[in-house]
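I opened this model to look up its cross-links, then a few residues that caught my eye. My notes follow in the order I took them.

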Amino acid sequence: MKHYHALFIALAVSGGCTAEPAGPEDLRDLEVDATGTVDLIDDLDELDEDTPEAPMEAADELSDETRAVAGDFNLQAHLQGGGDWALISWETPQHYNHTICWKEADEPGRPCTHNQVPIHSSDPNYLPDTETRLWGFYDLECDTEYMLRVKRSLLNYDTITFSTPECTCEPEEHCPYGGWFDGANCSFGEAPAGTTAFVYAGSYYHTPRPSWPFCPISGSTFDTVNCRVRPVPAGANPFINANHWYYSSECE
């Protein structure tokens with residue numbers, strides 16, 4: 001089953017750790033539906049971003065995680081590549097620095113106690129026409145809800161949650177017991193013409209042909225009544241459909 005591992009990308013970092021981009025370096029050519037302006041609170045914007053966060057659980061734990069404590073950045077996550085990564089956008093004048101924090105939604109604590117990366121005002125991924133900054137959040141895991149926060153200062157931030165699509169399977173993961181995947185389940189083939197496929201006592205069978213050879217499939221045996229084709233694999237869920245021997249796909 002396909003998994004993605006959270007690998008943050010700081011497109012332009014001032015201090016801290018950096019990582020090699022896993023997607024497009026310049027995000028400005030990607031379309032982002034983000035318009036409007038930011039309602040700034042001047043005295044909060046002047047707070048030192050390096051000031052350590054004091055315990056403020058009541059203020060930090062939002063009852064509505066799409067609302068900022070002070071200010072609204074119109075923070076959005078635009079899933080790309082089938083959910084492999086997300087283009088994060090928010091509205092801001094270009095000269096502000098920010099910090100991006102994130103965590104999986106079911107992890108305890110606040111986003112900034114898990115993962116964070118600084119975004120400097122000189123980062124090139126900025127759309128001046130809409131005053132929108134862009135950031136690529138890469139290698140997302142499938143079927144996962146994320147909580148993401150963009151913070152300008154201690155009390156000026158915006159938070160959203162978003163979910164990635166359900167996980168899908170690679171072809172070989174559908175049929176681990178052999179056979180072939182027909183797009184829905186795993187087949188071991190069709191009973192010979194004039195016979196009837198069935199499952200009995202943990203094995204795939206068919207009724208005998210009316211004349212010799214009674215059991216024409218290679219490897220099958222005649223038990224004096226019917227033809228035993230092969231055992232049902234341990235753990236498989238067998239069934240018959242359109243005179244074919246099947247078991248259910250192991251990947252949904």
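**Notebook: disulfides and odd residues**

C186 counts as buried, at 0% relative accessibility. I started there, and I keep in mind that this is a predicted model.

**Entry 1: the C186 link**

I looked for the partner of C186 and found C175, with the two sulfur atoms 2.0 Å apart. The torsion about the S-S bond is -95 degrees, and the link is left-handed. I then placed both ends. C175 sits in the loop between α3 and β10 (180-181), and C186 belongs to strand β11 (residues 186-190). They are 11 residues apart, and the pair links distant parts of the chain. C175 has 11% relative accessibility, which is under the 20% cut-off, so C175 counts as buried too.

**Entry 2: the C227 link**

Which cysteine forms a disulfide with C227? I traced the link to C215, at a sulfur distance of 2.0 Å. The torsion about the S-S bond of C215 and C227 is about -80 degrees, so this disulfide is left-handed. C215 lies in the loop between β13 (203-206) and β14 (221-222). C227 lies in strand β15 (residues 227-231), 12 residues apart from C215. I checked cover next. C227 is buried at 0% relative accessibility. C215 is buried at 15%.

**Entry 3: the C142 link**

I moved on to C142, which a disulfide joins to C167, S to S 1.9 Å. What is the handedness of the disulfide of C142 and C167? The torsion about the S-S bond is about 90 degrees, so I noted the link as right-handed. Both ends are in loops. C142 is in the one between β7 (132-138) and β8 (145-153), and C167 is in the one between β9 (156-163) and α3 (171-174). The two cysteines are 25 residues apart in sequence, so the pair ties together parts that are separated by that stretch. C142 comes out buried at 9% relative accessibility. C167 comes out buried at 17%, since the limit is 20%.

I wrote down the total as well: four disulfides in the count. I detailed three links here, among them the one of C142 and C167.

**Entry 4: D158 in strand β9**

I went to strand β9 to look at D158. D158 is buried but has no salt bridge. How far away is the nearest side chain of opposite charge? That side chain is R149, and the distance is 7.8 Å. A salt bridge needs a side-chain nitrogen within 4 Å of a carboxyl oxygen, so R149 does not qualify. I searched for another polar partner of the D158 side chain. The backbone nitrogen of F73 lies 3.1 Å from one of its polar atoms.

**Entry 5: M147 in strand β8**

M147 is in strand β8. I asked whether M147 is buried or exposed. At 11% relative accessibility, M147 counts as buried. I also noted a pairing in space with E104. The C-alpha atoms of M147 and E104 are 6.0 Å apart, while the residues are 43 apart in sequence.

**Entry 6: backbone checks**

Most residues other than glycine have a negative phi, and most peptide bonds are trans. I looked for departures.

The peptide bond from W212 to P213 is cis, with omega near 0 degrees. P213 is in the loop between β13 and β14. C215 is in that loop as well.

T224 has a positive phi, near 80 degrees, and is not glycine. I found T224 in the loop between β14 and β15. T224 is exposed, with a relative accessible area of 65%.

N243 also has a positive phi, near 65 degrees. Its loop runs between β16 (238-241) and β17 (244-247). N243 is partly exposed, because its 22% relative accessibility falls between the 20% and 50% limits.

**Entry 7: the whole chain**

I closed with totals. The protein chain has three helices and 17 strands. It has 252 residues, of which 40% count as buried. I looked at contacts between residues at least 6 apart in sequence, and 65% of them join residues at least 24 apart. The accessible surface is about 13200 Å², and carbon and sulfur atoms account for 49% of that area.

Methods
Residues are numbered from 1 along each chain as its sequence is written. This is a predicted model: local features need pLDDT of at least 70, side-chain atom pairs count only at pLDDT 80 or more; totals for chains, interfaces and linings use all residues. Side-chain values use heavy atoms; hydrogens and water are left out. A disulfide is a pair of cysteine sulfur atoms within 2.5 Å. Helices (H or I, at least four residues) and strands (E, at least two) are DSSP runs, numbered from the N terminus. Buried means under 20% relative accessible area, exposed over 50%, partly exposed in between (1.4 Å probe, protein chains only). Contact means heavy atoms within 4.5 Å. Accessible areas come from the Shrake-Rupley method with a 1.4 Å probe; for residues, only the protein chains shown count as cover. Lys and Arg count as positive and Asp and Glu as negative; His and the chain ends are not counted. A polar contact is a pair of N or O atoms within 3.5 Å; within protein, one must be able to donate a hydrogen and the other to accept it, and residues adjacent in sequence count only if both atoms are side-chain atoms.
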